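Student: I am new to this structure and should be grateful for a close look at a single part of it. Please describe that part and its surroundings in one connected account.

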Amino acid sequence: MPSDNQSGVPLDAAQLCASFSATPIETDAAAASPAESGDLIGQERALDAIRLAARIPNREFNLFVMGRPGYGRHSSVFRVLEEEARDRPVPGDWVYVNNFENSDKPIALELPTGMAAKLKRAMEVLVDDLANEIPAIFESEDYQHRRRAIEQGFGEQHEKAFGELMESAREQDLTILRTPMGFGVAATREGKPMTPDVFQALPSDERDRLDHSIKEIQSRLEEVLRQVPAREKARRAAVAALNAEVAKTGVDGSIDQLIADFGHVEGIKTYLETVRADLVENAGLFLETNPQADAGAFPVVTAKRYQEPQFRRYAVNAMICNSDEQDSAPVIAENLPTLGNLVGRSEHASHMGALVTDFTMIKPGALHRANGGYLVIDVRQILSEPFAWEALKRCLQTRQISISSAQQRLSVLATASLDPDPIPLNVRVALIGERIFFYLLTANDPDFATLFKVQADFNDEIAADEENAALFAKLIGDIVAREQLRKLDASAVARLMVEATRLSDDAEKLSLDIGQLTNILREAEYWAAAGGKTAIAGQHVEEAISQAETRASRPQELAQEAIARETLLIDTDGSVAGQINALSVVQVGTHRFGRPSRVTARVRMGRNRVVDIEREVELGGPLHSKGVLILSGYLATHFALDVPMSLWASIVFEQSYGGVDGDSASAAELFCLLSALSGKPIDQSFAVTGSVNQQGHIQAIGGVNEKIEGFFDICAAKGLTGRQGVLIPKSNVKNLALRTRVVDAVKAGKFSVIAIETIDQGIEALTGCAAGARDEEGAYPDQSINGLVEARLREFAHGLRAFARSGKGDGAGSSEEMS
């Protein structure tokens, strides 16, 4: 492969970090910005999707807002939905009322906006009024007179029948006696009952006459007594009819007034008529003595009789009460979307050792409150709550809200329960979550794609061009005004833009992580205040960033301490063959830092096997193993093409006690192998990161800034020599956003960052020897790295051939011995 050193040279300090020029943010303009602010920068596609979901009438066009936390998803969704809600009508009210025929199935009624509270209060007033009026009616002289007349009439009928019987008995010398066993008939003499002895002393014909008369009177007595229950029943019916008539006179006026006020609403008149009938039928409820009714200074006037348990049957459970003053549809966020909080619930109360419930204990859920508008839910929260996700889908599919509980779903609640009328549902749901949830739901839930047809994907960053830089400065101004912070000078804005490139891992991009930028500004505000400054400057932003890293850097310091104390062996000077410093990124919580690792390689004659020790002991992941296999492909296709590959090699991350994955060390491993094969030592002042393909091209990797800074900190701790540096892929130059300490060291010539494109460029920088290119005859220069590697591999091939011919072992035995 031809050698090209153009990119194998140290980068200028200006290439290590983006730079911006900015103007100070005007405080007045910033203060006005949030109220007048338009869309978030760089999110036009996502915002258009939100507007589509908010406006389209089809009910299956619910919305999934995806993106990383802190990028303004929630605030953007609420702002757009609230704007759209102003163009939608305020939804009506919903109430639950008693079903007098079946109390377990409460009736749902839809009312015009603002009427639920009025109807609820009207029913309370009705009960309170009747609690005063009905007792007064039943205590009136007219009622008492009519009641006495009924009682008197039935009493006279009874007395007349009994009196006639008594008179007939007296005429026949008999009397009717009341005994403990009931009524009895006895013969009399001179008006007094005869004793048995006297009766037996009578002549026989007299006794026979009296016996016959006694049987007749007893028969008539039984007939009179048989008429008593029927007569009593008739009396009660007459009293009940009187009570109903009297109660109706008290109830009709109040109910008729309610019908006049609310009867124009569908369903209300029917309900009020059933209330009328029940009030008349159960007027006795209002005659029960209430011990608290006479309490207080104004017992009759202020007693709230509607609160008494017996009158709850006439209550109105106002589930949704909208105000006449509202000017938009609801936009509701449910932060705890449990099953009950989502679809509503029926609460229970303990009574006589049992759990009881009624329609007044039905509580609305988020779907009730958002009905007619928009509901915003965090997808992670709803998926973590039992039965909530299935309940939401069921409501969206059936377009109605049916109240259910987890106990009912599991059939574990042996107590009273309700089956309320479902309420029609018209809502647009917006789920907010990370992209992984969208992809998982799409792949695993067949209903998801049907119900959530619109996706709003928030960008993580925008291009760092001049136009976007100006918009980004405005975004910072919005944050400053919203948080009521000190104004920012030009250096602070520029420093925040640099940090935005760091957050995006791309010097050509600006991160839109509003949450992280806000946190930086809040802390910079603190440092500015601590320094007695009226404006936030770049140094305050720098201090905030530095302090945040310091607070989270304890694991990083422990790793660096282990290297400084030579517990972990890392060389930053000298040269060693078959040894190199590779770089990796460690993430602990929210803090990422780079850490060097020593990689060593050993080679000998064998049968074309590169042993990845990490994989052999199951510490290497699949991507790392893939990188090692690529090394074998590179060696097999670049060297000694006319002889069999006769190499046995082992590669290992020294002092690695955990898992190793990723291919960002594959270039370092290949450099290490080439050094071991050629015998040329690698300068330990360098560390390397980058992946490699079978053509020998160095490929981009992640975490390049953390890796460079991690090795720099180790070198700084051991002492900078001016020779130390890091080799990175040229394709990663655009990702550089290094900290000031590294940039300053490069500017002072104490450290270097070298961008390479090929393995040849890297091996030349690491060994100081030419990599070598094939001449016209296809041969590498003898003392070049490639020439030495090819010569060594030919030596292995000839040696293996000679070993096989010597008869010291068959092929299988030789292979086993080599490995």
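Tutor: The account may begin at Gly 532, which takes a positive phi of about 70° just after helix α19. This is a predicted model. Helix α19 itself covers residues 514-530, 17 residues in number. From its first C-alpha to its last, α19 reaches 24 Å, close to the 24 Å expected at 1.5 Å a residue.

The next matter is which residues of α19 are buried. They are Ile 514, Leu 517, Thr 518, Ile 520, Leu 521, Glu 523, Ala 524, Glu 525 and Ala 528. A general point helps in reading such a list: an α-helix has 3.6 residues a turn, so residues three or four places apart point the same way. Within α19, Ile 514, Leu 517, Leu 521, Ala 524 and Ala 528 are among the buried residues.

These buried residues have several partners. Among the helices, they pack against α17 (466-483), α18 (490-503) and α20 (538-551). The strands against which the buried residues of α19 pack are β19 (487-488), β20 (509-511) and β21 (535-536).

For wider orientation, the model also contains an open sheet of 5 strands, paired in parallel in the order β8-β13-β16-β1-β17. Strands β8 (331-334) and β17 (454-457) stand at its edges with a single partner strand each, so one side of each is left without a neighbour in the sheet. From one strand to the next, the twist averages 20°. The pairing of β1 (residues 63-66) with β17 is parallel and runs over 4 bridges, and Met 66 stands opposite Asp 457 in β17.

Key: Residues are numbered from 1 along each chain as its sequence is written. This is a predicted model: local features need pLDDT of at least 70, side-chain atom pairs count only at pLDDT 80 or more; totals for chains, interfaces and linings use all residues. Side-chain values use heavy atoms; hydrogens and water are left out. Two strands pair if DSSP finds at least two bridges between them. Helices (H or I, at least four residues) and strands (E, at least two) are DSSP runs, numbered from the N terminus. Axes are lines fitted to C-alpha atoms, for helices over the stretch in contact, and angles run from 0 to 180 degrees between N-to-C directions. The expected span of a helix is 1.5 Å times one less than its number of residues. Buried means under 20% relative accessible area, exposed over 50%, partly exposed in between (1.4 Å probe, protein chains only). Contact means heavy atoms within 4.5 Å.
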